[in-house]
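Student: Could you take me on a close look at one part of this model? I would like to see how one helix sits among its neighbours.

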Amino acid sequence: MSLIEALASLLIVINVALVARRSIWNYAFAIAGVLLYAWIFFHAKLYSDALLQGFFLVINLYGWRHWSQSVAHEGDVRVERMPPADRWVWVGGIAAATAGWGWLMHRFTDASLPWLDAGVAMTSIAAQILLSRQKIENWLLWIAVDVVAIGMYAVKDLWVACALYLVLLGVSTWGLIDWRRAERKAA
């Protein structure tokens with residue numbers, strides 16, 4: 001398991017580093033990494049995270065297409081902000097989805113840490129959608145996911161995944177800084 005976990009982690013680090021640089025090639029690494037992590041999380045009984053990888057596969061295919069269109073039309077991946085009111089809608093949606101999914105995992109499965117796992121999963125879904133839509137706020141959500149996931153994976157003794165999310169926390173912070181710089185440059 002540890003070798004597969006290390007390979008999946010490496011693929012995801014490359015993916016996120018390429019996202020931070022706004023490189024469309026991030027998607028090839030993302031797809032390979034999420035397939036490996038789906039298998040890892042299923043065997044760790046982190047079912048929300050395992051199912052989340054299936055979502056990531058679909059949204060990465062969508063993002064690859066969306067970013068390709070942006071590059072074709074503008075020559076680069078543009079960076080945008082959400083209107084303030086939309087941010088509150090997304091936060092409310094994440095909270096509602098976390099409550100619902102956490103309850104389902106708690107009630108109908110033997111999931112370990114169902115509520116925490118649901119929070120990581122639902123926030124990750126929102127972050128990935130916003131990333132695919134090139135919204136700068138995706139990085140704030142990824143930073144929150146990284147912080148919570150580090151603790152969750154440590155509790156489950158998934159030390160490679162824990163280390164991965166520590167690295168991703170740094171890369172997400174770098175991505176936020178770089179995307180803000182690109183936003184200022186475009187303005």
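Tutor: Here is a walk along one helix, its two ends and the parts around it.

A word on the ground rules comes before the tour. This is a predicted model, in which local features need pLDDT of at least 70 and side-chain atom pairs count only at pLDDT 80 or more, while totals for chains, interfaces and linings use all residues. Residues are numbered from 1 along each chain as its sequence is written, and side-chain values use heavy atoms, with hydrogens and water left out.

Our part is helix H4, which covers residues 84–108. Helices here are DSSP runs (H or I, at least four residues; strands are E, at least two), numbered from the N terminus. H4 has 25 residues and reaches 36 Å from its first C-alpha to its last, close to the 36 Å expected at 1.5 Å a residue. That expected span is 1.5 Å times one less than the number of residues.

Now for the side of H4 that is covered. Its buried residues are Ile-94, Thr-98, Gly-102 and Met-105. Buried means under 20% relative accessible area, exposed means over 50%, and partly exposed is in between (1.4 Å probe, protein chains only). Look at the spacing of those numbers with this in mind: an α-helix has 3.6 residues a turn, so residues three or four places apart point the same way. What covers the buried residues of H4 includes H3, H5 and H6, where cover is judged by contact, meaning heavy atoms within 4.5 Å.

Next, go to the end of H4 and its surface. Trp-103, Leu-104, Phe-108 and Trp-115 form a nonpolar patch on the surface, with about 440 Å² of accessible area together. Patches are made of residues with over 30% relative accessible area and no salt bridge; like charges are joined within 9 Å, and nonpolar side chains (Val, Leu, Ile, Met, Phe, Trp, Tyr) within 5 Å. The areas come from the Shrake-Rupley method with a 1.4 Å probe, and for residues only the protein chains shown count as cover. H4 gives the largest share of this patch, 3 residues. Trp-103 lies in H4, and it counts as partly exposed because its relative accessibility is 42%. Phe-108 is exposed, with a relative accessible area of 57%.

The model has 12 aromatic pairs. Rings of Phe, Tyr and Trp (its six-membered ring) pair if their centres lie within 6.5 Å; planes under 30 degrees apart count as stacked, over 60 as edge-to-face and the rest as tilted. One of the pairs is formed by Phe-56 and Trp-142, and it is tilted, at 6.1 Å centre to centre with 50° between the planes. Phe-56 lies in helix H3 and Trp-142 in helix H6, so this pair ties together parts that are 86 residues apart in sequence. Both Phe-56 and Trp-142 are buried. Back in the patch, the rings of Trp-103 and Phe-108 have their centres 5.6 Å apart and their planes at 90°, so that pair is edge-to-face.

Finally, turn to the other end of H4 and the loop before it. The structure holds 6 salt bridges, each a side-chain nitrogen of Lys or Arg within 4 Å of a carboxyl oxygen of Asp or Glu. In one of them, Glu-80 meets Lys-135 at 2.7 Å, N to O. Glu-80 lies in the loop between helix H3 (47–74) and H4, and Lys-135 in the loop between helix H5 (114–132) and helix H6 (138–155), so the pair ties together parts that are 55 residues apart in sequence. Glu-80 is partly exposed at 24% relative accessibility, whereas Lys-135 is buried at 18%.

Arg-81 forms a salt bridge with Glu-183, with the closest N and O atoms 2.8 Å apart. Arg-81 is in the loop between H3 and H4 and Glu-183 in helix H7 (residues 159–186), so this pair ties together parts that are 102 residues apart in sequence.

In H4 itself, Arg-87 meets Glu-137 in a salt bridge of 3.0 Å, N to O. Glu-137 lies in the loop between H5 and H6, so this link ties together parts 50 residues apart in sequence. Glu-137 is buried, with a relative accessible area of 7%, while Arg-87 is partly exposed at 31%. Salt bridges that share partners also join Arg-78, Glu-80 and Lys-135 into one network.
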